[in-house]
Amino acid sequence: MYPQKHRMRNTGAFTFLAYFTLGAGVLLFSIGLYNATGLQLHEKGYYIACMLLIAVGSILTQKVVRDNAEDRAIIEEQEREFNLKVSKAEKETPK
């Protein structure tokens, strides 16, 4: 009788992981820049790894934010349609 309800694609843990990855990458990169005096080869590798972490974190965070916004809109629309059907059915039932 009831249509299948849309559910959120991203869990709270995945959303937290996306924000944490971005924050950790920015923090580690900032610490490295603060402590940088003369760059050796292992320090260059550190910066490359931090920049990759920031890139992955920003892409992941953007995806999570977009998916969560789309899911909320879909769920709100489904609830609105369901409430409309229920109110219409209540009006049509004789008392």
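Under the criterion applied here, in which a side-chain nitrogen of Lys or Arg lies within 4 Å of a carboxyl oxygen of Asp or Glu, the count comes to 6 salt bridges. The structure is a predicted model, in which local features need pLDDT of at least 70 and side-chain atom pairs count only at pLDDT 80 or more, while totals for chains, interfaces and linings use all residues. Residues are numbered from 1 along each chain as its sequence is written, and side-chain values use heavy atoms, with hydrogens and water left out.

Several of these contacts involve D67. One salt bridge pairs D67 with R9, with the closest N and O atoms 3.7 Å apart. Because D67 belongs to helix α2 and R9 to the segment before α1, this pair ties together parts that are 58 residues apart in sequence; helices here are DSSP runs of H or I with at least four residues, numbered from the N terminus. With a relative accessibility of 3%, D67 counts as buried, the term being reserved for values under 20% relative accessible area, whereas exposed denotes over 50% and partly exposed the range in between (1.4 Å probe, protein chains only). R9, by contrast, is partly exposed, its relative accessible area being 43%.

Within helix α2, D67 also forms a salt bridge with K63, for which the closest N and O atoms are 2.4 Å apart. K63 and D67 are separated by 4 residues, about one turn of the helix, and K63 is partly exposed at 30% relative accessible area. A further salt bridge links R66 to D67, with 3.3 Å between the closest N and O atoms; R66 is likewise partly exposed, with a relative accessible area of 39%. Through shared partners, salt bridges join R9, K63, R66, D67, E70 and D71 into one network.

The arrangement of the two helices can be described by their axes, which are lines fitted to C-alpha atoms over the stretch in contact, with angles running from 0 to 180 degrees between N-to-C directions. The axes of α1 and α2 come within 8 Å and cross at roughly 150°. The two helices are therefore roughly antiparallel to each other, a description applied to angles over 145 degrees, with those under 35 counted as roughly parallel, 65 to 115 as roughly perpendicular and the rest as oblique. The crossing of α1 and α2 is left-handed, meaning that the near helix is turned anticlockwise from the far one by less than a right angle.

On the surface, L27, L28, I31 and Y46 form a nonpolar patch with about 330 Å² of accessible area together. Such patches are made of residues with over 30% relative accessible area and no salt bridge, nonpolar side chains (Val, Leu, Ile, Met, Phe, Trp, Tyr) being joined within 5 Å and like charges within 9 Å; the areas come from the Shrake-Rupley method with a 1.4 Å probe, and for residues only the protein chains shown count as cover. Helix α1 (residues 12–35) gives the most to this patch, with 3 residues. Y46 is located in helix α2 (residues 41–92) and counts as partly exposed at 31% relative accessibility.

Two further residues were examined for their separation in space. R7, in the segment before α1, counts as exposed at 64% relative accessibility, and its C-alpha lies 41 Å from that of G45, the two residues being 38 apart in sequence. Q62, in helix α2, is partly exposed with a relative accessible area of 44%; Q62 and I75 are 13 residues apart in sequence and 20 Å apart in space, C-alpha to C-alpha.
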